[in-house]
Amino acid sequence: MIPYYDLKSIHLGEINSMKKVASEVIESGNYIFATEKFEEEFADFVGARYCVGVNSGTSALHLALISLGIKKGDEVITVSHTFRATVAAINYVGATPVFIDIDPETFLLDVDLVEGKITSKTKAILPVHMYGNVVNIDALKRFNLPILEDCSQAHGSYHNNKHVGSSGIGTFSFYPGKGLGALGDSGCIVVNDEGQYDELKSLRSWDDKSIGFNYRMDNLQSEFLRIKLKNLKNIISAKNIIASKYNKYFKYSKTHIDNYNSYHIYPILVKNRIKFFNEMRDKIELKCHYENPVHKQTPYRKLIFSKPNMFELPVTENISSHQVSIPIYPTVNHNKVIDLIMNNKEYLL
Ligand SMILES: Cc1ncc(COP(=O)(O)O)c(C=O)c1O
């Protein structure tokens, strides 16, 4: 059985360094408020001026929206083809998510549909670099709206040689299974504006101006992340080699020539997904990201009465009905993955 992902074996090469920093942190007696070394190194990796470590990618999105001044009554344009946290954060600040459909070639926010959704209430666009593939951020700039990039699935992805999130403000999740994952929950915001940086730092730990949040990153996670960051580019290069082999057989989500895809997830599309999963049971562990798009989840369904056209998302619905994520990590036996899937190629769309 080929596992989808094997964090334990992925960490084996780093286990001694991890045990060493864990002892150092334990013996230091300091467990929070010393994450700046990681923050500097991650800002440097991304090519942003600042990084603010927080306790999850969800908190990162929440604080980033506050720092952009998004509030009740505002609308934020985003996609339904994402993890629910992207949309939940818009709700946390009292704003309304406005869904737009995705491009059938890239499975990413369809930039050509944005204009039709802009109203006087639109205060930001929240693109998601799903699967490590990259939204055309330069094309989004023409709308002159603040852009908050959800880079939770795109550590090490580039648009026109610029790392995602580096052109204004972006958020990352370091959930263990992510491209750069901690050994627990954490996340961060990268930002270039100094005023926004100061506000974000203040907001994450009981600032004086608001009710306040406890959204801090732990020192221990920041030290684990420093170790893993050193090897991230090598891992992504190895994944790109595997992806180039997969791409010969599975011609689905396309990467535009201007972009570098970090391949956090490798999607394929199949007919009859339940039967396909059954066929592959005991052979390859497969996942699905995500079978229930956000607009179909219970809290959002009721909005259909007030905003019916927000729910016309045929591409999103089609992709979410057929998407399957196949294993992609440096040690995966990719030839066997290809063979096993091609032996059942009648399922491929
Ligand atoms: C696109 C996207 N946004 C936000 C998040 C939320 O991150 P976290 O789980 O660290 O809160 C995730 C994590 O799954 C994600 O994939």
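## Two domains, a ligand shell and helix α3

In this structure, 28 residues of domain 1 are in contact with 27 residues of domain 2. Keep in mind as you look around that the model is predicted. Below is a short tour of the domain contact, the surroundings of the ligand and one helix.

**Domains**
- The domain assignment splits the protein chain into domain 1 (7–100 + 108–229) and domain 2 (232–347).
- Between the C-alpha centres of domain 1 and domain 2 there are 23 Å.
- On the side of domain 1 that touches domain 2, at least two residues each come from α1 (7–11), β3 (96–100), β6 (158–159) and α8.
- That side of domain 1 is made up of 11 nonpolar, 14 polar and 3 charged residues.

**Around the ligand**
- The ligand has 15 residues around it, and those that come nearest are Ser56, Gly57, Thr58, Ser152 and Ser173.
- Two or more residues of this shell are given by each of α4 (57–67) and α5 (85–92).
- By type, the shell around the ligand holds 9 polar, 4 nonpolar and 2 charged residues.

**Helix α3**
- Within α3 (residues 36–46), the buried residues are Phe38, Glu39, Phe42, Ala43 and Val46.
- These residues lie on the same side of α3 because they cover an arc of only 130° around the axis.
- Lys37 and Asp44, on the other side of α3, are exposed.
- Among the elements that cover the buried residues of α3 are β1 (50–54), β7 (162–163), β9 (187–191) and α8 (219–249).
- Glycine 47, just after α3, has a positive phi of about 85°.

Note on methods:
Residues numbered from 1 in each chain as written. Predicted model: local features only at pLDDT ≥ 70, side-chain atom pairs only at ≥ 80, totals over all residues. Near = placed C-beta within 6 Å. Helix = DSSP H or I, 4+ residues; strand = E, 2+ residues; numbered from the N terminus. Nonpolar A, V, L, I, M, F, W, Y, C, P; charged D, E, K, R; others polar. Buried ≥ 20, exposed ≤ 12 C-beta atoms within 10 Å, placed from the backbone. Arc of directions from axis to C-beta. Contact = placed C-beta atoms within 7 Å. Domains from an automatic or database assignment.
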